[in-house]
Amino acid sequence: MNVMLLHGWPVSERVWVPQVGALRDAGFDVSAPHLYGRGPSIDDWAAQLLRDLDGPFLPVGASMGGYCALALARRAPERVVGMVLIGSRADADSFERRRFRQELITELRAGYRPPLAEEDADLEHLAVAQEAMRDRLDLTGVSASFGGPLLVCIGDRDDIVSVDEARELADGALDGRLEVFPGAGHFVAVDQPDRFNEVLLEFAGQWRT
C-alpha cells in the first residue's frame, strides 16, 4: 500500500524527506507529489493524483495537502484506506480568510516571496494554489462520513488552525483520533519530525503487509 505525502503551502514535497526515509525503512511504498502547477482547483489536483497512482493508499496531508486529501476521499472513497490531516480543516474559507488570501495573491503576483518558500518556487504557482484554497469546497461532510480511520495532528502553537478546531474535526469523524504536539506550530512534521514519524508509523502500521 502506498502512503501519499501531500505538502502544505508555500513549501514543496522536499519537506517530507524525513518521512519518506522513515516510511521506506518501515517497508511502505511512498509517494510525495508536487502539488503546484496541477490546475486551478484542488479537485483538479485530486483527479490527477488518482490517475497517477493505482490501488489503495493512505493520504497524509499538511494544511493545503489536507484539503487535497479530503478531495481524494470525496472522489475515490473506496481507494482511501485512512487519512492523516495535519494543521488542516474540512470546512471552506471564511469571508475574512478569503479576503486575506486575495491580498496575498496580489502580493505574490507583485513579486512577494513568502519566507518559507524555496528559492526556485514559482510565484505564479503559489498564487494559483492560494486561489485553489480560497475557492475550495466545504468537505465537512466528507470528513464526517469517511469510513476509515482519521488521524488529526495539530501543534498547540499553530497560528492558523486551533487545537479546538482540530478536536472538532476528529470528534466529528466516524473513527477519528486527535494527536496534539506541544510546542509545535503549523508544520508539525517540520517542527517535531521524530515524534511525528513515530505517530505516523504507528498509524500506518494498521496496513502493514
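**Legends to close-up views of the predicted model**

In this predicted model, Asn2 has Phe57 of strand E3 as its bridge partner.

**View 1. Parallel pairing of strands E1 and E3.** Strand E1, residues 2-6, runs parallel to strand E3, residues 57-62, and 5 bridges join the two. The bridge from Asn2 leads to Phe57 in E3.

**View 2. The open sheet and its edges.** The sheet is open and contains 6 strands, paired in the parallel sense. Read across the sheet, the order is E2-E1-E3-E4-E5-E6. Strand E2 (29-31) and strand E6 (176-181) form the edges, and each of them pairs on one side only. On average, neighbouring strands of the sheet are turned by 15 degrees against each other, direction ignored.

**View 3. Helix H1 against the sheet.** Helix H1, residues 17-25, packs on the sheet, where it touches E1 and E2. The direction of H1 makes about 175 degrees with that of E1.

**View 4. The largest nonpolar core.** This core comprises 47 residues, of which Trp9, Leu72 and Met83 touch the most other members. At least two core residues come from each of E1, helix H2 (42-52), helix H3 (64-75), strand E4 (83-86), helix H4 (95-109), helix H5 (123-134), strand E5 (150-155) and helix H7 (163-171). H3 provides the largest share, 8 residues.

**View 5. Surroundings of Met83.** With residues up to four places away in sequence not counted, Met83 touches Leu58, Pro59, Ala69, Leu70 and Ala73, and also Phe146, Pro149, Leu150, Leu151 and Phe203. Apart from the largest core lies another core, of 24 residues. Among the residues of this other core are Ile86, Cys153, Phe196 and Phe203. Phe203 is thus named both as a contact of Met83 and as a member of the 24-residue core.

**View 6. The chain as a whole.** The secondary structure amounts to 9 helices and 6 strands. The radius of gyration is 16 Å, close to the 17 Å given by the globule rule for 209 residues, so the chain is as compact as a globular protein of that length. The C-alpha trace spans about 50 × 35 × 35 Å along its principal axes. Of the 209 residues, 53% count as buried. Among contacts between residues at least 6 apart in sequence, 71% join residues at least 24 apart. The exposed area of the chain is about 9400 Å², and carbon and sulfur atoms supply 49% of it.

Key. Residues are numbered from 1 along each chain as its sequence is written. This is a predicted model: local features need pLDDT of at least 70, side-chain atom pairs count only at pLDDT 80 or more; totals for chains, interfaces and linings use all residues. Side-chain values use heavy atoms; hydrogens and water are left out. Two strands pair if DSSP finds at least two bridges between them. Helices (H or I, at least four residues) and strands (E, at least two) are DSSP runs, numbered from the N terminus. Axes are lines fitted to C-alpha atoms, for helices over the stretch in contact, and angles run from 0 to 180 degrees between N-to-C directions. Contact means heavy atoms within 4.5 Å. A nonpolar core is a set of buried Ala, Val, Leu, Ile, Met, Phe, Trp, Tyr and Cys residues joined through side-chain atoms within 4.5 Å. Buried means under 20% relative accessible area, exposed over 50%, partly exposed in between (1.4 Å probe, protein chains only). The radius of gyration is taken over C-alpha atoms; the globule rule is 2.2 Å times the number of residues to the power 0.38. Accessible areas come from the Shrake-Rupley method with a 1.4 Å probe; for residues, only the protein chains shown count as cover.
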